[in-house]
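Biologist: Got a minute to walk me through this model? I'd like to go through the sheet, the helices and the odd backbone spots.

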Amino acid sequence: MKILIIEDERLLADSLRALLIQKGFEAECIYDGESGAEYAVLGVYDLLILDVMMPGLDGFEVARTVRARKCGTPILMLTARSGLEDRIQGLDAGADYYLTKPFDSRELLACVNALLRRQGRQVDELAFGNTSLDLSSCMLLCGEKSVRLSAREFDVMRYLLQSGGSVLSKETILAKVWGYDSSAVENHVEVYVGFLRKKLASIGSNIRIEARRRLGYHLEVDGPC
């Protein structure tokens, strides 16, 4: 799960990022509202954690911008303003939940998991054909056979499985897996697709990662093992 933190207090933002990474999430920080709005609408994040009080574009405006762009990514809004009118304004702007500072880290994590579950993003396993990916152990499973994936292999395979067979461009996979501002290039995607093809074959999977020329990759099912 990839989470974007938009918070101008760098110490708090970096602390939240460290906490989320420790709990198994991917997390990135943006420290101003304008850049945060640009990143938020890319469609590569599973959740946005958004501060209200920021110079320039504040959290309410960022949320309205995100929703105006038809981006349905869940928004967890953070603020020191606890008044009823402020909470109503945040929810009206498009936030899904409103958490008041200071907060306990356990409450934050509970909110994160609740929002991801509500969106259908928090699951234990993804399956396609005769093969499944265990999200807790990073194991690719087919019948009695299994193989462990590296962190990057896991991210690529998970994204392909989540696509449900739709074609994903290399650019989209790069943004989703490596991050929008990564220095990775399309060849990285090709290399990891090659690794995954070998591991799928090693467990007798009937999944094929098919390449569509100039379009990208998608999953297909051959037949039974």
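Modeller: Sure, we'll take the sheet, then the helices, then the hairpins and the unusual backbone angles. Keep in mind that this is a predicted model.

Biologist: What's the strand order in the open sheet of five strands?

Modeller: The order is β2-β1-β3-β4-β5, and the pairing is parallel. β2 (26-30) and β5 stand at the edges with a single partner strand each, so one side of each has no neighbour in the sheet. On average, neighbouring strands are turned by 20° against each other, ignoring direction.

Biologist: How many bridges hold β1 and β2 together?

Modeller: Five bridges, in the parallel sense, with β1 covering residues 2-6. I3 stands opposite A27 in β2.

Biologist: And which strands does α3 touch when it packs on the sheet?

Modeller: α3 touches β1, β3 (47-51), β4 and β5, and its direction makes about 170° with that of β4. Angles over 145 degrees count as roughly antiparallel.

Biologist: Which residues of α3 are buried?

Modeller: G59, F60, V62, A63 and V66 are buried in α3. They sit on the same side of the helix because they cover an arc of only 165° around the axis. Their cover includes β1, α2 (33-40), β3, β4, α4 and β5.

Biologist: OK, α4 then. Which of its residues are buried, and which are exposed?

Modeller: α4 runs over residues 84-93, and D86, G90 and A93 are buried there. Those residues share one side of α4, since their arc around the axis is only 65°. L84, E85 and D92 are exposed on the other side.

Biologist: So a leucine is out and an aspartate is in. What do the buried residues of α4 pack against?

Modeller: They pack against α3 (59-68), β4 (75-79) and β5 (97-100). Right after the helix comes G94, with a positive phi near 125°.

Biologist: How do α3 and α4 sit relative to one another?

Modeller: Their axes come within 8 Å and cross at roughly 25°. That makes α3 roughly parallel to α4.

Biologist: Which residues meet there?

Modeller: From α3 you have F60, A63, R64 and R67, and from α4 D86, Q89, G90 and A93. The residues of that contact divide into three nonpolar, two polar and three charged.

Biologist: Changing topic: where does L19 lie, and is it buried or exposed?

Modeller: L19 lies in helix α1, residues 10-22. It's buried, because its relative accessible area is 15% and the cut-off for buried is under 20%.

Biologist: What does L19 touch farther along the chain?

Modeller: Leaving out residues up to four places away in sequence, L19 touches S105, L108 and L109. L19 and S105 are 86 residues apart along the chain, yet their C-alpha atoms are separated by 8.1 Å.

Biologist: Now the hairpins. How do β7 and β8 run?

Modeller: They run antiparallel, with three bridges joining β7 (residues 131-134) to β8 (residues 139-142). L133 has L140 in β8 as its bridge partner. Four residues lie between the strands of this hairpin.

Biologist: And how do β8 and β9 pair?

Modeller: β8 and β9 (residues 145-148) pair in the antiparallel sense over four bridges, and M139 stands opposite R148 in β9. This hairpin has two residues between its strands, and G143 in the turn has a positive phi of about 60°.

Biologist: A glycine doing that doesn't bother me. Which residues other than glycine have a positive phi?

Modeller: C138 and R214 are two to look at, with phi near 60° for C138 and near 65° for R214. Most residues other than glycine have a negative phi.

Biologist: Where are those two?

Modeller: C138 is in the loop between β7 and β8, and it counts as partly exposed because its relative accessible area is 22%. R214 lies in the loop between β10 (207-212) and β11 (216-221). R214 counts as exposed, because its relative accessibility is 78%.

Biologist: Last one: where is the cis peptide bond from K101?

Modeller: That bond leads from K101 to P102, with omega near -5°. P102 is found in the loop between β5 and α5 (105-118).

Conventions
Residues are numbered from 1 along each chain as its sequence is written. This is a predicted model: local features need pLDDT of at least 70, side-chain atom pairs count only at pLDDT 80 or more; totals for chains, interfaces and linings use all residues. Side-chain values use heavy atoms; hydrogens and water are left out. Buried means under 20% relative accessible area, exposed over 50%, partly exposed in between (1.4 Å probe, protein chains only). The arc is that of the directions from the helix axis to the C-beta atoms. Contact means heavy atoms within 4.5 Å. Two strands pair if DSSP finds at least two bridges between them. Axes are lines fitted to C-alpha atoms, for helices over the stretch in contact, and angles run from 0 to 180 degrees between N-to-C directions. Angles under 35 degrees count as roughly parallel, over 145 as roughly antiparallel, 65 to 115 as roughly perpendicular and the rest as oblique. Ala, Val, Leu, Ile, Met, Phe, Trp, Tyr, Cys and Pro count as nonpolar, Asp, Glu, Lys and Arg as charged, and the others, Gly among them, as polar.
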